[in-house]
Amino acid sequence: MARVTRKIGLSLGADVDWPKAYEEIVAKLDLSIPIGRDKVGFHVERTSIEPYDLQAPAKYDLVVDRLTHWYPFQREWIKKAVILDGTYVFNNPWSVQSMEKHTTYCALMALGIPIPRTAIIPPKEYEPKADLDVTLQRYAKFFDLGQIGAQVGYPAFMKPYDGGGWFGVTKVDDDIGMWSAYEKSGKSIMHVQHGVLPHDLFVRCIGFGPQTKTILYDPGAPLHMRYTTKSDFMSAKDQQLIEDITLTINAFFGWDFNSCEALLKEHVWHPIDFANPCPDSQVTSLHWHWPWLVKSYIRWSLFCAATKRPMRVNLDWQPFFEVRKRNLPYRKMVAEYAKIARARFDTVNFEKFCAKHLSKLDEVANEWFGSDACRDAIRLKVVALFPAHEHDAFTQHFFDEVQAWRAADLASRAPRRKKKSARSRPVVIQAAAKRMRRVRRPVPKSRSKAVKPAKVVARSRR
Ligand SMILES: Nc1ncnc2c1ncn2[C@@H]1O[C@H](COP(=O)(O)OP(=O)(O)O)[C@@H](O)[C@H]1O
Ligand SMILES: [Mg+2]
């Protein structure tokens with residue numbers, strides 16, 4: 001058997017915590033996976049920004065990309081690598097470049113999924129261009145903002161059509177609010193969307209390949225507590241629906257990872273933001289959920305790289321539209337979309353691969369998340385985001401959250417009769433007990449103040 005190495009590139013901007021976790025856990029796994037006649041190992045490195053020769057082959061089998069959606073030079077590099085060298089990249093760069101939140105709303109509507117009533121309005125200001133004046137004079141119609149607000153229905157949200165990080169999002173309650181939000185919108189094309197208010201639940205569902213996780217989200221909480229740790233907040237049927245819609249949109253757009261926001265009102269789930277195809281992956285937002293995400297990165301990237309999963313470069317929407325034509329009951333229809341999605345994500349083979357070749361992952365990861373290296377990774381992100389006087393407190397806070405996750409993870413994997421013996425692990429159990437009591441370390445005041453999304457405006461900390 002030949003020993004072959006799959007090269008995995010991490011294409012990064014400000015991310016520091018999950019990459020360190022990823023690199024160190026993959027190294028500790030020290031895998032040698034039999035695939036055909038080969039024994040496959042992995043080498044992980046961070047990609048760099050430098051001139052490249054179009055004739056020279058790219059060196060990566062797979063790239064985990066968290067940079068090119070905003071950094072055009074690397075976006076061209078990754079497109080070249082996909083077309084010329086067969087590199088697999090999360091996410092499809094053409095799809096990310098051309099599909100905005102607006103297109104996801106249109107797709108959801110075409111698939112019969114109830115987004116709130118939404119309109120889109122031309123921008124208030126423009127970049128100067130040669131033919132701009134004549135075009136606007138001839139063709140741009142005057143419009144009545146108040147009428148648009150009334151059609152959509154107040155309260156409404158005015159927000160950029162290509163949104164992200166709550167930037168430029170304003171809750172508007174009347175015509176005056178509409179005018180004032182539009183005045184501030186500058187060159188952005190804006191959606192006006194009916195507010196799903198008050199809602200009963202707000203969830204975020206992260207999709208990573210075929211893996212999903214639905215988390216109860218609290219948009220009014222401080223940044224580091226918006227992903228709640230509540231469980232059993234929704235029925236299994238509703239969870240299935242949200243995960244099915246997430247997988248559907250991700251497969252529809254060729255996005256390997258994405259996070260999706262939906263609101264429940266009067267028993268109806270309304271997607272409001274299904275276009276986050278470079279989802280927040282930082283321990284400072286995800287805390288307790290962060291190890292799940294790191295492990296999802298590892299599983300899906302190793303599966304795709306080891307099996308040389310072919311990149312789906314072109315999108316194929318017709319099979320979804322064929323399902324729509326069948327006029328099935330709503331949940332059955334969504335389940336049928338999700339079947340297509342699960343097939344596209346090769347779910348059955350992925351699960352077999354994980355069971356057979358990544359059986360050590362849970363144990364290795366659990367141990368790593370309790371290490372000093374994990375604490376260092378957390379500290380790196382805390383130092384990047386928080387003022388100096390909060391570094392120690394927040395490093396400890398997020399580390400404690402991760403320890404609480406470790407305890408629950410160990411308990412969930414322990415054979416029933418052995419559960420009690422886990423109590424002999426003092427550190428872990430203390431953390432678990434703490435989680436049960438929901439005791440939190442006091443957090444410095446500057447962060448404990450809730451930021452309301454109504455006039456929000458903070459960029460997300462990715
Ligand atoms: N239709 C809506 N109904 C209720 N709340 C909304 C609606 N649209 C946006 N919001 C609120 O504003 C926040 C930001 O809007 P979102 O569409 O997610 O923009 P972004 O892409 O910037 O995250 C949401 O997380 C939610 O709290
Ligand atoms: Mg959002």
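**Close-up views of a predicted model**

**View 1. Strands β6 and β9 side by side.** Four bridges join β6 to strand β9 (residues 190-194), and the two run antiparallel. This is a predicted model, so keep that in mind for every view here. Zoom in on I120 and you'll find its bridge partner in β9, H191.

**View 2. The whole open sheet.** Pull back a bit and four strands show up in the order β6-β9-β7-β8, with antiparallel pairing. At the edges sit β6 (118-121) and β8 (170-172), each pairing on one side only. From one strand to the next, the twist averages 25°.

**View 3. A helix across the sheet.** Helix α7, spanning residues 175-183, lies across β7 (156-160), β8 and β9. Its angle to β8 is about 155°.

**View 4. A306 and its surroundings.** Here we're in helix α10, which covers residues 290-306 and includes A306. Is A306 buried or exposed? It's buried, because 23 C-beta neighbours fall inside 10 Å and the cut-off for buried is 20 or more. Beyond four places in sequence, A306 is in contact with R6, I33, I35 and V40. P271, on the other hand, is 35 residues away from A306 in sequence and 34 Å away C-alpha to C-alpha.

**View 5. Stretches to take with a pinch of salt.** Averaged over the chain, pLDDT is 91, and 90% of the residues score at least 70. Residues 421-442 stay under 50, with 26 contacts in the model beyond four places in sequence. Residues 444-462 are also below 50, with 37 contacts beyond near neighbours in sequence. Where pLDDT is low, don't read the predicted coordinates in detail.

Terms used
Residues are numbered from 1 along each chain as its sequence is written. Chains are lettered from A and ligands numbered from 1 in the order in which they are written. This is a predicted model: local features need pLDDT of at least 70, side-chain atom pairs count only at pLDDT 80 or more; totals for chains, interfaces and linings use all residues. A residue is buried if 20 or more other C-beta atoms lie within 10 Å of its own, exposed if 12 or fewer, and partly exposed in between; C-beta atoms are placed from the backbone. Two residues are in contact if their C-beta atoms, placed from the backbone, lie within 7 Å. pLDDT is the predictor's confidence in each residue, from 0 to 100. Two strands pair if DSSP finds at least two bridges between them. Axes are lines fitted to C-alpha atoms, for helices over the stretch in contact, and angles run from 0 to 180 degrees between N-to-C directions.
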